[in-house]
Amino acid sequence: MLNVFTLANGRLFQEEIESADALADVQPVWVDLENPTAEEKGWIASRFGLVIPDDIVDDDIEESARFYEEDNGELHIRSDFLVDEDAGPERKGARNVRVAFILRDNVLFSVHVIDLPVFRLLRMRARRIPALIEDAKDVLLKLYDADAEYSADSLEGIYDALEKVSTRVLQKEVTDADAAEILAAIARQEDLNGRIRRNVMDTRRALSFMMRSRLLNAEQFEESRQILRDIDSLDSHTAFLFDKINFLMDATVGFININQNRIIKIFSVASVALLPPTLIASIYGMNFRVMPELDWSLGYPFALAVMLASVVTPFWYFRRKGWL
């Protein structure tokens, strides 16, 4: 899909592009390619002289080659953007999607394989808010700003989810089935929190590279610094959430150990309580010739009564001591 945006009075307007001729008639500020076809790549090459390789959003690209500037002034950036789909009905989970940016002749080209929430958010804002964007570099900065805001919203979602988990862990008895569900929920939030931390770290690197490239004007430079400050606050919040996740994980595992200890205690008490009657039964099963109880008419009931008393007495003692 080829999304072409022109700029008028600080607002983005999406142009309908259905052919190479239609693309030649517009002067875009942002060209967004979502899983582009070979034909659409040909239109870009013909109109702008920019060749987009097939592996431009390859996740296996070397980290050192993700941020660089060509001799002709092209700025190349590979950034990860967060997609949190765990709240939807399909519950696909969270992931980081690689996006390739190319800034050339005051036109921003972005290439990615799926539509991203951050891109939708920027398009909506740029249509509604006047004077939000002045050039292609503003588009890129606003994308990073929206990405930081999207990450902050996801962190709030993690906190809300962990609050629900805390209620289950700390305000009721946790069974093994409950513990399994709780651990699964905690694991999902831990994965999302880790992806957010990786995402904001990648955004910080991209912004630092843009600031070092000296392509930003004074206002854009200050905006980059403000985004970096927001990212710093997100870093501290992710650290806090990691501590909370570890606490809930330890508490849940502790309840599992308590439940297991209860079961082991029952077996231990039963084993100790059954030792005396086993001893008595073994004594009367030795079949010695001289055993007074063998000729006694009440010998068998007497042995059963002694065995029963030897079972009841330990249970009574353990109960009195509070071990049961």
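Arg204 is partly exposed, with 23% relative accessible area. The model used in these exercises is predicted.

**Exercise 1.** Determine which residue forms a salt bridge with Arg204, and which helices the pair ties together.

Solution. Step one: the partner is Asp232, with the closest N and O atoms 3.2 Å apart. Step two: Arg204 belongs to helix α5 and Asp232 to helix α6, so the bridge ties together parts that are 28 residues apart in sequence. Step three: Asp232 has a relative accessibility of 43% and counts as partly exposed.

**Exercise 2.** Decide whether Arg98 and Asp80 are buried or exposed, and place their salt bridge in the fold.

Solution. Step one: between Arg98 and Asp80 the closest N and O atoms are 2.6 Å apart, and a salt bridge is formed. Step two: Arg98 sits in strand β6 and Asp80 in strand β5, so parts 18 residues apart in sequence are tied together. Step three: both residues are buried. Step four: a network of salt bridges links Arg98 and Asp80 with Arg66, Arg198 and Asp202.

**Exercise 3.** Establish what surrounds Lys137, and why no salt bridge is assigned to Lys137.

Solution. Step one: Lys137 is found in helix α4, residues 136-170, and is buried. Step two: the nearest side chain of opposite charge, Asp135, is 4.4 Å away; a salt bridge requires a nitrogen-oxygen pair within 4 Å, so Lys137 has none. Step three: the Lys137 side chain instead reaches the backbone oxygen of Leu215 at 2.6 Å. Step four: leaving aside residues up to four places away in sequence, Lys137 touches Leu103, Leu215, Leu216 and Gln220.

How values were computed:
Residues are numbered from 1 along each chain as its sequence is written. This is a predicted model: local features need pLDDT of at least 70, side-chain atom pairs count only at pLDDT 80 or more; totals for chains, interfaces and linings use all residues. Side-chain values use heavy atoms; hydrogens and water are left out. Helices (H or I, at least four residues) and strands (E, at least two) are DSSP runs, numbered from the N terminus. Buried means under 20% relative accessible area, exposed over 50%, partly exposed in between (1.4 Å probe, protein chains only). Lys and Arg count as positive and Asp and Glu as negative; His and the chain ends are not counted. A polar contact is a pair of N or O atoms within 3.5 Å; within protein, one must be able to donate a hydrogen and the other to accept it, and residues adjacent in sequence count only if both atoms are side-chain atoms. Contact means heavy atoms within 4.5 Å.
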